[in-house]
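Okay, thanks for coming, everyone. I'd like to walk you through one model today, piece by piece, so have the viewer open and follow along.

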Amino acid sequence: MLIDSFKVEDWFNKYEKQAKYDLADTCIESLSINDLLKICEIPYSYLNKIFDKKLNYGDIHGSQNLKLGICSLYENQNPENITITHGAIGANQLVMLSLVEPNDKIVSIVPTYQQHYSIPKSFGGNVHLYFLKEENNWLPDLSELERLVGSDTKLICMNNPNNPTGSIIPDEMLEQIVQIAQKSGAYILCDEVYRGLKHKGNPFSKSIVDMYEKGISTGSMSKVFSLAGLRLGWVCASKQIINDINLQREYNTISIGILDDYFASLALENKDKIIARNLEKLYIGKKILVDWINSEPNVDCIVPEAGTTAFVKYLLPIKSVNLCRNLQNETGVMLLPGETLEIDGYVRVGYGNNFEQLKRGLEIFSYWMKNQK
Ligand SMILES: Cc1ncc(COP(=O)(O)O)c(C=O)c1O
C-alpha cells in the first residue's frame, strides 16, 4: 500500500547522527536502567528478580501491574480499557487500522505527528487538515473546526499537549471539541504522549478518554518517563474500542516483551519522582530557550506551556528546509524544519535534553542568522 514518506523521521535519519548540537530531539534526557533504579531508590540486587525470568512472550496484552500503572495516569480507567503497544507509534497505527475505511472523512489537526494524516490517507480515507494558527496561540478556532467537521466525520485526530508548539488545550475547550465530535458521532484520537508534562500546576491535563465515550488516548513511556528505548506505549479507550483494536493487534504485536513490561511497571510505580525530575529539566531548558528568544531579534515564539518542544518563527527569507540544512552543514547545529510538519517559516527546538548543546547551539544559530543578512 502506498504511503507518503514520514518527513520528520526522514529528517532525523538523514541528519541526527552527524549533529554536533542536537536541538531537534523531543526526548528529555533518557534514563539508563541504573538511573531508573537510583531515582526509584531501589538497590541493584533488585535486578536479580528478573535474571531468572524465562524470556517467553509474557502477558500477551501486558501485565496487570503495568495496566494498573497506566490506569493511574487517568481519572476513571480500568485495565480492560488498555492495550499495550510498540510505543505510541504502534498505538496510533493500531487505532487507525481498526477504525479507518476507504472514503471515511478524517479531520486531522496540524501541526501534529504525521501518522495522524498520512496513515488514514494511505487507507483511502478522505483526510482534511485543520491548521492551528500562531495568532490563536496554536489553539483551534472552534467555529472553524466545527464547520470542517460538519456532520459526516468519522475521526478527529489531534495531539495534546502539542508537538511542536507546546500548546495545551484548556479543559473547557476540550469539552467543546467533544461536543463538536458528538454532533457527527466522530471518534477523537488524541495522541497524549506529552500528557504529564504541563509546566505549571498539575502536570496531567484532562485526558480525552475521561471525557468522551468515543475518545481514544494514546500514550507511551518515551517522553513523560524518558524511557523511549523500552518501546512501550498503549491505547486507552472504551472496552468495545479496545476489543476492536485487539483484533488487529493479534496480527501485529503478540506481546511487548517481559523486560519492557517490567521496567515500565517500575517507572509507573515511581511516576511522581520521574516526572518531578523531568519537569525540573524542562524548567532549566525552557529558561535557556526563553532568555534566548527575548534577546534574539530574528525570532519570535509563543512560549510553550507543556511538552518538550517550541515552534520558533524566524524572520529570514529562507525556506525552513534550506535553513536547517545549511545551518547544520555549516555549523553542526540541528533543528527540525517546520516544512516537515507542514508549516514553513518555523523551526522546532527541543529544550529538554542537553543544556550545554542547547545553549551553545542557540548562540551559534544567532550568529549564523546575523551573517545571512
Ligand atoms: C506526538 C508524538 N506521537 C507519537 C510519537 C512516537 O512516540 P513513541 O516513542 O512512543 O513511539 C512521537 C515521537 O516523537 C510524538 O512526538
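**Helices, sheets and a ligand shell**

Let's start with a helix contact: L327, E330 and T331 in α12 meet I364, F365 and W368 in α13. By class, that contact has four nonpolar, one polar and one charged residues. Before I go on, keep in mind that this is a predicted model.

So how do those two helices sit? Well, packed helices get described by the angle between their axes and the distance between the axes. Here, the axes of α12, residues 320-331, and α13, residues 355-370, come within 11 Å and cross at roughly 110 degrees. That angle falls in the 65 to 115 range, and therefore α12 and α13 are roughly perpendicular to each other. The crossing of α12 and α13 is right-handed.

Okay, on to the ligand. Which residues come nearest to the ligand? They're G87, A88, I89, S220 and S222, out of 13 residues around the ligand. Sorted by class, the shell has five nonpolar, seven polar and one charged residues. And if you're wondering which helix gives the most to that shell, look at α5, residues 87-99, with three residues.

While we're on α5, check out its partner. The axes of α5 and α6, which is residues 115-122, come within 10 Å and cross at roughly 35 degrees. The α5 and α6 crossing is right-handed. On the α5 side you've got I89, N92, Q93 and M96, and they meet Q115, H116, I119 and P120 in α6. That contact splits into four nonpolar, four polar and no charged residues. And yes, I89 shows up here as well as among the residues nearest the ligand.

Now the sheets. Strands in a sheet pair through backbone hydrogen bonds, either parallel or antiparallel. One open sheet has seven strands, in the order β2-β8-β7-β6-β5-β3-β4, and the pairing is mixed. At the edges are β2, residues 82-86, and β4, each pairing on one side only. On average, neighbouring strands of this sheet are turned by 20 degrees against each other, direction ignored.

For a look inside that sheet, take β5 and β6. β6 is residues 187-191, and the two strands pair in the parallel sense over five bridges. One to click on: C157 has L189 in β6 as its bridge partner. Then there's α9, residues 239-249, lying across β2, β7 and β8 and running at about 35 degrees to β2.

The other sheet I want to show is open too, with four strands in the order β9-β10-β13-β12 and antiparallel pairing. Its edges are β9 and β12, each with a single partner strand, so one side of each is left without a neighbour in the sheet. β9 pairs with β10, residues 309-314, in the antiparallel sense over two bridges. If you want a specific pair, D300 has K313 in β10 as its bridge partner.

Last bit: backbone oddities in the loops. Where do the cis peptide bonds turn up? One joins V110 and P111, with omega about 5 degrees, and P111 is in the loop between β3 and α6. Another runs from N163 to P164, with omega near 25 degrees, and P164 is in the loop between β5 and α8. Also have a look at N137: its phi is near 55 degrees, a positive value in a residue other than glycine. You'll find N137 in the loop between β4 and α7.

That's my tour. Thanks, folks.

Note on methods
Residues numbered from 1 in each chain as written. Predicted model: local features only at pLDDT ≥ 70, side-chain atom pairs only at ≥ 80, totals over all residues. Axes fitted to C-alpha atoms, helices over the stretch in contact; angles between N-to-C directions. Parallel < 35°, antiparallel > 145°, perpendicular 65-115°, else oblique. Left-handed = near helix turned anticlockwise from the far one by under 90°. Contact = placed C-beta atoms within 7 Å. Nonpolar A, V, L, I, M, F, W, Y, C, P; charged D, E, K, R; others polar. Near = placed C-beta within 6 Å. Pairing = 2+ DSSP bridges.
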